[in-house]
Structures are given as structure tokens and as C-alpha cells.
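Reader: Before we discuss any labels, please show me the model, and then I will ask how each label was earned.

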Amino acid sequence: MKNWQIVETALAVPQRVVTNDQLSRLMDTSDEWIRSRTGIKRRHISQGENTSVLASRVARQLLRQSGWSADQLDLIIVATMSPDAYTPSTAAIVQGQIGASNAACFDLSAACSGFVYALTVAAGMLQLPGYEHAMVIGSEVLSKLVDWHDRSTAVLFGDGAGGVLLGPSRQGTVLAQQLNTFGELSDKIVAGHTIANTAFPHPLTGLTPFAMDGRGVYTFATHQVPRSIRAAAEQAGVTLDQIGAFLLHQANARIIKQVAKRLGQPLAKFPLNIDEYGNTSAASEAILLAECAARGIIHRGDIIALAGFGGGLTTATMILKY
Ligand code: ACO
């Protein structure tokens, strides 16, 4: 068994900030409704930066912080549900941008669970010969997929990217992981649906915007996320009390509070940054992780849980020693 650890963390968000008040001028909503229902105060929205641009910013930042050269990287995975294109992968664009010519690169699509799914895949690949240094990035420009007249979804999402460098260590890092998919609920969150036409030939059709069963996802998350975390803790052989911080996907502060309650854990162990960024899907836990590391909220050696949930529907928990 080869051991690895999270060597560095970093984040990048667009400069433009859009407040709830600004949204209330575009649609029938209010700062009060958005804050009280979700905890979101503002979000960062792309000014033309695509998903690969934000991901490349994170990648460069990670290399600067670590002192690694790009050609040391053996693997780059970008978790995203808003790639620049069907092909090339966003990870391949990042590779080209930073010159990581030795890295195998691909995108991973598991919506808001994507970062934990990607970490799990990277953890597996780091066991293979020839893989020692990996970069895992969650990057989203969800503003591309939002219908800015649909108040039921538009107020929820933001753009951003976060990532980690993984490298060799003396101690093991991953204590447990639980990945689950609920394909029978695949219609609960849909974005970028493509339509296969019956007519031939036919004009190119666009992608559909976000559509979500908000209530259904809320109920799903508040039940399945505690289940996933408990199963991972049991697999890891740790009690919930031994977990120093629960870094949950930032979809809704109310969901996180409910999860904390169901787990019987103090809310103080669930850091929140949804007020600043909204829901950034696969980027959300990576951004949170980078902020928690930078602000000393988590420390080396702490046992932490990363837990995502979202489109698929999916849930994903990883318990690791930071
Ligand atoms: N502003 C004002 N009113 C609104 C807005 C808005 N932005 N959106 C909806 N409303 C109205 C509705 O029309 C409804 O009005 P009505 O009672 O007159 O019909 C009322 O507010 C209540 O609407 P609900 O949808 O029942 O509101 P709810 O309290 O359930 O909150 C929310 C909605 C915030 C979406 C919540 O259900 C939620 O967070 N769900 C989970 C979403 C989630 O976690 N997604 C993560 C996955 S995303 C991914 O994977 C990419």
C-alpha cells in the first residue's frame, strides 16, 4: 500500500460578486427569502472565465505553493458538471495551460459529489505503479447553465474552483469512503440535457438550463447524507466525536444544520461558507477545504469528513487524516 497525503489546497473564484439584492432586481425574489431559506448572501459569477480558466488558476496556485514543477504531475482530475466542452476535457485544457506533459488527465462528472468521487478515484490510481503526484480540482461555471429568470434555481448557484495536490507520505490518509448513486432519482436535478432529434437532418439544439425538485433534493440530502457519514465512520472505525470537522457540500445552510442535528454533532464542527459563494457544486468542498486549511480551522493530523451530495442523485463521503 502506497501512502499519500493532501500536500496543498487552493481556490480561485471570479472577481465579480452578485448580491441577493442585485438578483431581486432581475426576478421576483428578495434578500430576506434567499438568506432565510438558504444562507446565501452573495455569489461570485464569471465575467467570461470558463471552467478551465478557474481550474488552471487553482492548478498554478497549487504548483506555486508546493514548489513542484508541472512535469512532476502524474494525474490531473477535474470534477465538473459544467465543463468547457464535451471534448476536450477540462483537465486536458488545464494540462496544456500549465505544461503538465506527464499527467494523465480526465474529467469526472458526479455533480456536487464530484470532488469526493474524484479524490476516491485519485486515491485508487495512486496505488498503481507510475502514479505518485496527483492534482484533483473541482471547478464550475454554473452561471452558464442557469436560467436567470427562474428564481427557483438562479438564486442558489455560483462559480468557483478549488483543488488539492496529493503526494507521497509516511502515513495513510484515507480512512474510509462511501460513494452512492441513486439513478432512479436522476430526474431530480437536471442541467445541460441534450435532445436527440427524430427529424433528420435537424438544426443544432442548445442545452437545457438547471431544473430541480428543490423539496425532493432537500429531503434526500437530509436523510442520505447522515447515513453516508455514519457508514463511512463505521468503516473507518472512528466515532463521530473523533471527527474534528465535517466539510459538507454547501448547497443550503438549512440542510447542513439538519445533518448536524441528525448526527448529534455540534454545528460548530460544520464550517460554512455558503453565504459568500452559494452552491458551487463540485468546487464547493474543495473551496471550503482550502479556506479551512488557510484559516487554521483544520490542522495536520485532524480527522475530517468530506461529504457531498447532488445530481445523479449521488452522495459521497470520505473520512481522512488531513
Ligand atoms: N424567491 C422568492 N420566493 C421563491 C423563490 C425565490 N428565489 N424560489 C421559490 N420561491 C417561492 C415558491 O414559489 C413557493 O411559493 P408558493 O408557496 O407561493 O408556491 C415558496 O417560495 C416556497 O418554495 P419551496 O420550493 O417550497 O421552498 P423551500 O423552502 O423548499 O426552499 C430550496 C427551496 C431553497 C431550493 C430548498 O428546497 C433546497 O435547498 N433544496 C435543496 C437544493 C439542493 O440541495 N440542491 C443541491 C444539489 S444541486 C446540484 O447537484 C448541482
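Author: Let us start with T38, which touches L156, N252, A253 and I274, leaving aside residues up to four places away in sequence, where contact means heavy atoms within 4.5 Å. The model is a predicted one, in which local features need pLDDT of at least 70 and side-chain atom pairs count only at pLDDT 80 or more, while totals for chains, interfaces and linings use all residues. Residues are numbered from 1 along each chain as its sequence is written, and side-chain values use heavy atoms, with hydrogens and water left out.

Reader: Why is T38 called buried?

Author: Buried means under 20% relative accessible area, exposed means over 50%, and partly exposed lies in between, with a 1.4 Å probe and protein chains only. T38 has 3% relative accessibility, and therefore counts as buried.

Reader: What makes the approach of the T38 side chain to the backbone oxygen of I34 a polar contact?

Author: A polar contact is a pair of N or O atoms within 3.5 Å, where within protein one must be able to donate a hydrogen and the other to accept it, and where residues adjacent in sequence count only if both atoms are side-chain atoms. The side chain of T38 reaches the backbone oxygen of I34 at 2.5 Å, and a polar atom of that T38 side chain also lies 3.0 Å from the backbone nitrogen of I40. T38 itself is placed in helix α2, helices being DSSP runs of H or I with at least four residues and strands being runs of E with at least two, numbered from the N terminus.

Reader: Why is the pair of R35 and D31 called a salt bridge?

Author: The term requires a side-chain nitrogen of Lys or Arg within 4 Å of a carboxyl oxygen of Asp or Glu. For R35 and D31 the N to O distance is 2.9 Å, so the pair meets the definition. Both residues lie in helix α2, 4 residues apart, about one turn of the helix, and R35, at 40% relative accessibility, counts as partly exposed.

Reader: How do you know that the side chains of R42 and E276 meet in a salt bridge, and where do these residues lie?

Author: Their N to O distance is 2.6 Å, which the rule accepts because its limit is 4 Å. The pair links distant parts of the chain, with R42 in strand β3 and E276 in helix α9 (residues 274–277), 234 residues apart. R42 is partly exposed at a relative accessible area of 27%, and E276 is partly exposed as well, at 21%.

Reader: What makes E291 buried and R295 exposed?

Author: E291 has a relative accessible area of 10% and is therefore buried, whereas R295, at 61%, counts as exposed. Their side chains meet in a salt bridge at 3.8 Å, N to O. A search of the whole structure finds 7 salt bridges.

Reader: How do you know where the domains begin and end?

Author: The bounds come from an automatic or database domain assignment, which gives domain 1 (4–171) and domain 2 (175–321). Their centres, taken over C-alpha atoms, are separated by 14 Å, and 49 residues of domain 1 are in contact with 45 residues of domain 2.

Reader: What makes up the area called buried between domain 1 and domain 2?

Author: Buried area is the accessible area, with a 1.4 Å probe, that two parts lose on being put together, summed over both. Here it is about 3700 Å², of which carbon and sulfur atoms give 64%. In domain 1, C112, V116 and Y117 lose the most area to domain 2, together 17% of what that side buries.

Reader: What makes the backbone of A111 and of S281 worth noting?

Author: Most residues other than glycine have a negative phi, and most peptide bonds are trans. A111, which is not a glycine, has a positive phi of about 50 degrees, and phi of S281 is near 50 degrees, again a positive value in a residue other than glycine. A111 is placed in the loop between β5 (104–108) and α5, and S281 in the loop between α9 and α10 (284–294).

Reader: Which residues does a cis peptide bond join, with omega about -10 degrees?

Author: One such bond joins F200 and P201, and another joins G312 and L313. P201 lies in the loop between β9 (189–190) and β10 (211–212), and L313 in the loop between β12 (303–310) and β13 (314–321).
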